[in-house]
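Welcome! Here is a short tour for anyone meeting this structure for the first time. Take a moment to look it over before reading on.

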Amino acid sequence: MTGAAPRPVNHHADHRGFSGIAGYVCGLTFLLMGRSAARFAADLLQVSEADTVVDIGCGPGSAVREAARRGAAAIGVDPSPELLRIARAVSRYGTVAWATGTAEQVPLPDQSATMVWALATVHHWQDAGAGVGEMYRLLQPGGRLLAVERQVKPDATGMASHGWIREQAESFAALCDSAGFRDATVTGHRAGRRDVWAVRAIRP
């Protein structure tokens, strides 16, 4: 008897997205809740004024603004016009830009970033392999990838399942290896009030 098939890293790819009035409500909620995740990502990668950061699935832009606050040039990419409207409305940094796009199709040039991150969004991607390929394309040699997802229990359902179990984090690291990244690692952390998995890798 064989075991159950591994859970994909994008197990909520069927999510409808954040649009309309619900998109604005979710965006304002993310705005209030996203600061600790933004600080965590910027601390973990030690963002500085030497960096250009691309945030895939930026939502209302908390992590983009945190990177800019530390002196980096930062670009937020999201498919939701509603979330991007909120992001633009509260932005006050001249080194920030916003673009409409998905993880699989980012409207930015090759090798335009020193860091690319996806914070609590990979589990929504339509095509995880294509998304990792885009991260590789966007990064300069020596550039760093970061994916962060909430730690969830294997039997979690509903909203509690929006995140990764350990095996999903390891599967994403393996996907990074397959795409040509090196030194892909999985580590557990506390980010604000949540336990999270962080996957980091480097483009050679």
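The notes below cover the sheet, the helices that pack on it, and one loop residue.

This is a predicted model. Its open sheet has 7 strands, in the order E3-E2-E1-E4-E5-E7-E6, and the pairing is mixed.

**The sheet**
- Strand E3 (96–100) and strand E6 (182–191) are at the edges; each has a single partner strand, so one side of each is left without a neighbour in the sheet.
- From one strand to the next, the twist averages 20 degrees.
- Strand E1 (residues 52–56) pairs with strand E4 (residues 113–119) in the parallel sense, over 3 bridges.
- Asp-55 stands opposite Trp-117 in E4.

**Helices on the sheet**
- Helix H4 (residues 81–90) packs on the sheet, where it touches strand E2 (73–78) and E3, and its direction makes about 170 degrees with that of E3.
- Helix H5 (residues 128–138) also packs on the sheet, touching E1, E4 and strand E5 (139–150); the direction of H5 makes about 145 degrees with that of E5.

**A closer look at Asp-127**
- You can find Asp-127 in the loop between E4 and H5.
- Asp-127 has a relative accessible area of 40%, so it counts as partly exposed, between the 20% limit for buried and the 50% limit for exposed.
- Leaving aside neighbours within four places in sequence, Asp-127 is in contact with Asn-10 and Glu-104.
- Glu-104 is 23 residues from Asp-127 along the chain, and their C-alpha atoms are separated by 6.7 Å.
- The side chain of Asp-127 also reaches the backbone nitrogen of Gly-129, at 3.1 Å.

Definitions and conventions: Residues numbered from 1 in each chain as written. Predicted model: local features only at pLDDT ≥ 70, side-chain atom pairs only at ≥ 80, totals over all residues. Heavy atoms only, no water. Pairing = 2+ DSSP bridges. Helix = DSSP H or I, 4+ residues; strand = E, 2+ residues; numbered from the N terminus. Axes fitted to C-alpha atoms, helices over the stretch in contact; angles between N-to-C directions. Contact = heavy atoms within 4.5 Å. Buried < 20%, exposed > 50% of the residue type's maximum accessible area, 1.4 Å probe, protein only. Polar contact = N/O pair within 3.5 Å; in protein donor to acceptor, adjacent residues only side chain to side chain.
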